Each structure stands twice: as structure tokens, then as C-alpha cells.
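Colleague: I'd like a close look at one part of this protein rather than a quick tour of everything. Could you pick up one helix and its surroundings, and walk me through the contacts and charge pairs you find there?

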Amino acid sequence: VCLFPPLPSKAIRTLLERLTDSSLVLPPDAESQRYRMLETMRAYARHRLWVAGEADTALQQLGTYLLKEDSPTEPGTRPTSDYQDWLQWHADELGNYRGAIRLAFELGEPELAGRFALEIHPYLMSAGLIDELEDQLEDAIAFLADEPTPLRLKLLTLLAGSARNANDPDGKRLLELIHTDAEALEDEGAIGEALALESDFAFRDGNTEAGLELLSQAIAALESARSPALENAVIVGIDMYNRLGLFDEAESLVTRLDSERADHALTYRDHYMSDALHGTIALYRGDYEQATDLFETCAEHARGLGSVPYGAMLLQKGHAEFGRGNYSAACRLLDEAIALMPDRYTVTAIWFYTFRSLIELAINGPEAAVPHLRSALDLVARRDSNLEREEALTCVAEAARASGRLEEAAVLHAA
């Protein structure tokens, strides 16, 4: 509110100090230079906006402030530079985004609600606030009319991507809506994104041939549309090839992505992704020395980029250290990584508990490994993807066998 007339800019600090002295707002703390409003005062102020008939004006002002038309970053994406400044700004403004989305719903402004949800999405993803992210996307989609629009299509695609990350079967239903809207809008890039998501779902369900065919179609469509989403499709392909042991094909996709980035100014998110992809390939190859070095560099880059990117790099480095036999280092990294990852990323937790069981086996013996095996099995039971459940069961079975629990290992292998 202080950014808008009629309050003179020079009076802002004085007014904030008076409000702080009266305990109506909270002063800046070590994590942010922003003043913050108590929730009780925020609710009271929201009520007074309605009483005064100024809610519409406040919403438009919030839209002007939070949805900067001259931003160099495409809505719903992270910037290619000054990332930490972007991250801090969105952390500071999170309360305003939440309030703006709520106000837009209350005033019947679905377009604004969707735009706010789209803009804050990459921050919520980086911060690991996945449940809130999905709730916002679902509410915005439900609030919009059923006819296809670019905004609705983008929100559907982001929600399907989040469902894919969590292996939620509902993502497949969303893909049908995306295909319908994308074809109606003749959006080749959105069609490519949907094909990439569909290929990943197919591969996870064990339909390898279908997954690779869909991936090829997705990459062709995204290249033709010169879409930034090409990055996501290529990363899906690298994961597929790694799992199939086709490492040369995986390396060629990294090279292809590097080339496309140079030619078409793709963001190649977070600047370190090339090293991370090469590190993943090295990990699958069993070249743990190279993987450790690459993920060490990646973790340093990701440190200030949010809990999920940083946790993912620590997890990968922990895997590499485990492969090298550095069990204490692996244990420390895995503990730190799992504390940073959202609870609903169960596949991450499965690998965590499985590796922890093997580490405990190496350090403290079979009985110390059993609780981690139990935790991994509890999570395996929740998996809906045939391929990931099979991989997880195999991994846990090997851990059980190594721990001397041969009867359990035989049952798991049979499953």
C-alpha cells in the first residue's frame, strides 16, 4: 500500500516505525529487510477494505506490483540471472501473493488469480511448498471457465508436471485435458510438453517402447516451437536412457541440449544443469569419482537456490559417496538432503532409506539396517508406477539380502 499515492514516499519509514512501536507490524529480522503484518491485523485490514469499498482497488494495485509487465522472465519461470535476488524477493512477497490470490477469488477475478498462481509457482517449487503449489493451481483452474485459454493451458501443464514428480496417477487425467486445450489453441509447444509428460508416465509404467516413441515426438514438437520446455523433455529422455543403460544416447541428449541452449537462448535452468546431468550419467555408469566431483560443484551452485534444488544435489552426491565406500560422508549427506525435500517426494525417501540401510549395515551391522528397510518398504507400498515400484522393490531386496535377511529378500524379489 505504501507504494501508491497519496502517501509521500518520505513518510513511509516514519509511519512504519510508528506502527512497529504500536505493535501493529513486525520489524525486519535477520532473514529479511521487510516489515511484516501480524495475521490478526491482516485479517482486520482485509475486512476494512471490503467495508470501505476499496477491495477492487487494492487488488489492482497488488496486480500492478506483483505482476510486472516489464519483467524479462517469462511468467511461471525462474530467471536466468540474479537468481538469489529473485528468490529473496519472492520469499518476502509470499504473503502478498497469498493475499492477492485469496482476494482475486473473493472478487470473482479468475484471470488475476491464475496469473498470481502462475507467477509464484516456481518459488513454491524451489521452496518445497508442493501442497500449497498444487492447491493454488487446482483452485485457479477450477475458477477459470472450461473453454481453452493460454493461461488455463499453462496451469494445467504445471499441475500435471507436479503430479508426474509425485507419481500421482491423476496426472494422466490432466494430460487428456492438456491435449484437448493445446489442439484447440494450436499450441505446438504445449502439445510437446504434454507428450513429454506422457512419455515419462509410460516409461514409469514399464511401457519402454511407447515412452521412447512419445519422447521423440515431444522433442520434435518442442524444437519446432522453440519452446523452453525442451529442457524438461530432454531431461526426461536422459533419465530414460540412464535407466536402460544407454549412456552414449544420454550423453548425446546433454550435448543436444547444450547446443539448443546456445542457439535459442534457452534458460537451461539454474545454470549448473549440464554438470548435474553429466553427474547423473556418471552415477549410473558407476564412475563414482567423477560423479562426486560434479555433484560437489552442483551443490555449491544450488546452495542458494531453494531447499529442493539443493537437497537434490546433496542426495546425488550422497549416492556417489556411497558408491565410493565413503559411508560416513554418504550418511551425513543423505540425512541433510532428506530434511530438505518435501514429504510427498516418496521416491526420494525410498532411495534414502535404502541407502541408509546399506550404510548402517556397513558400519553397525544387520540389525541397525532393519528399521531403514522397514521404512523403505512402507513407502514402496504407496508407489503406483509399475517401473518405479519394481526398481524400489529390487533395491530394497538387495539391501535386505546384504543385511542377512535372506527370507525377506526372497519375498521381495518375488514381488
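Modeller: What follows starts at helix H11 and then moves on to the salt bridges. Keep in mind that this is a predicted model.

First, the setting. The protein has 20 helices and two strands. Of its 415 residues, 47% are buried. If you take contacts with a separation of 6 or more, 60% of them join residues 24 or more positions apart. The accessible surface comes to about 20100 Å², and carbon and sulfur atoms account for 51% of that.

Now to H11, which runs over residues 230–244. Its length checks out: at 1.5 Å a residue, its 15 residues should span 21 Å, and the end C-alpha atoms are indeed 21 Å apart. This helix is largely enclosed by the rest of the structure, because 11 of its 15 residues are buried. If you want to find them on screen, the buried set includes Leu 230, Ala 233, Val 234, Ile 235, Val 236 and Ile 238. Glu 231 and Asn 242 are on that buried list too, and so are Met 240 and Tyr 241. Just after the helix comes Gly 245, with a positive phi of about 75 degrees.

Asn 242 is a handy way out of H11, as Thr 280 touches it. Thr 280 sits in helix H13, residues 273–285. Leaving aside residues up to four places away in sequence, Thr 280 also touches Phe 295 and Gln 316. Is Thr 280 buried or exposed? It counts as buried, because its relative accessibility is 16% and the cut-off for buried is under 20%.

H13 also brings us to the charges. Side chains of opposite charge can pair when their charged atoms come close. In this model, Arg 285 and Asp 248 meet in a salt bridge, at 3.5 Å from N to O. That pair links distant parts of the chain, with Asp 248 in helix H12 and Arg 285 in H13, 37 residues apart. Asp 248 is exposed, with a relative accessible area of 59%, while Arg 285 is partly exposed at 43%.

H12 takes part in another such link. Glu 223 forms a salt bridge with Arg 256, and their closest N and O atoms are 2.9 Å apart. Here Glu 223 belongs to helix H10 (residues 208–225) and Arg 256 to helix H12 (residues 247–264), with their positions 33 residues apart in the chain. Both partners are partly exposed: Glu 223 has 23% relative accessibility, and Arg 256 has a relative accessible area of 34%.

For a contrast in burial, go to Arg 152 and Asp 181. They form a salt bridge with the closest N and O atoms 2.7 Å apart. This pair also links distant parts of the chain, from helix H7 (residues 150–165) to helix H8 (residues 170–185), 29 residues apart. Both Arg 152 and Asp 181 are buried.

One last group goes beyond a simple pair: Glu 289, Glu 321 and Arg 324 are linked in a network of salt bridges. Across the whole structure, the search finds 11 salt bridges.

Terms used: Residues numbered from 1 in each chain as written. Predicted model: local features only at pLDDT ≥ 70, side-chain atom pairs only at ≥ 80, totals over all residues. Heavy atoms only, no water. Helix = DSSP H or I, 4+ residues; strand = E, 2+ residues; numbered from the N terminus. Buried < 20%, exposed > 50% of the residue type's maximum accessible area, 1.4 Å probe, protein only. Contact = heavy atoms within 4.5 Å. Expected span 1.5 Å × (residues − 1). Salt bridge = Lys/Arg side-chain N within 4 Å of Asp/Glu carboxyl O. Areas by Shrake-Rupley, 256 points an atom, 1.4 Å probe, with all protein chains shown as cover.
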